[in-house]
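Student: I should like a close look at a single part of this model, namely its aromatic residues.

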Amino acid sequence: MQNELKLDFTRRLSQCNRGEMIVIIYDIYFAYERDARKAYEANRHEEYKEAVRKAQNVLAELIHSLNFSYDLSKNLYRLYMYCTNCLARAIYENKTDGIDEADAVMKRLYTSFEEVAKSDHSESLMRNTQQVYAGMTYGRTSLNENLSNVDSNRGFLA
């Protein structure tokens with residue numbers, strides 16, 4: 001994953017609420033999946049395996065975040081485990097078929113979570129972070145972001 005993309009995920013995570021966090025985690029999964037496909041096409045087997053393992057780690061994080069007091073969590077668990085097994089098969093067969101199968105499941109779940117996140121108007125999970133405003137100014141080739149309260153005191157006071 002490129003550093004630019006990591007910075008974007010970090011910025012988004014610092015500003016998100018609960019619903020948006022799941023969408024961001026899915027986006028991270030898809031980024032690792034894209035990395036795996038690129039490595040496979042370039043015939044870089046070790047990079048391919050590493051990217052698939054990172055995608056499996058994202059699935060493990062989704063599994064660990066499930067609340068099993070809801071019936072929906074049991075269904076999500078089965079789907080996440082199916083995707084994890086598909087990715088494992090992709091590694092040992094050295095093919096992208098397993099990635100394709102997992103991708104189909106994850107994209108359908110993603111659209112559902114994206115819709116739910118739109119209706120979530122709860123507070124941001126992280127407090128005392130810099131507020132980012134995007135779209136105020138545009139650079140020649142990119143969107144500029146402005147931070148507010150840059151000099152404000154964040155964190156703990158001793």
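Student: Is Tyr110 buried or exposed, and what is its relative accessible area?

Tutor: Tyr110 is buried, because its relative accessible area of 17% falls below the limit (buried is under 20%, exposed over 50%, partly exposed in between, with a 1.4 Å probe and protein chains only). The model is a predicted one, in which local features need pLDDT of at least 70 and side-chain atom pairs pLDDT 80 or more, whereas totals for chains, interfaces and linings use all residues. Residues are numbered from 1 along each chain as its sequence is written, and side-chain values use heavy atoms, without hydrogens or water.

The setting of Tyr110 is aromatic. The structure holds seven aromatic pairs (rings of Phe, Tyr and Trp, the last by its six-membered ring, with centres within 6.5 Å; stacked under 30 degrees between planes, edge-to-face over 60, tilted otherwise). In one of them, Tyr110 meets Tyr26: the ring centres lie 6.2 Å apart and the planes stand at 45°, so the pair is tilted. This contact joins distant parts of the chain, since Tyr26 belongs to helix H2 (residues 18-41) and Tyr110 to helix H5 (residues 97-118), 84 residues apart (helices are DSSP runs of H or I, at least four residues, numbered from the N terminus).

The partner, Tyr26, is likewise buried, at a relative accessible area of 0%. A further pair unites Tyr29 with Phe30 in an edge-to-face arrangement, 5.4 Å centre to centre and 70° between the planes; both of these residues are buried. Tyr26, Tyr29, Phe30 and Tyr110 belong, together with Tyr80 and Phe113, to one aromatic cluster.

How values were computed: Helix = DSSP H or I, 4+ residues; strand = E, 2+ residues; numbered from the N terminus.
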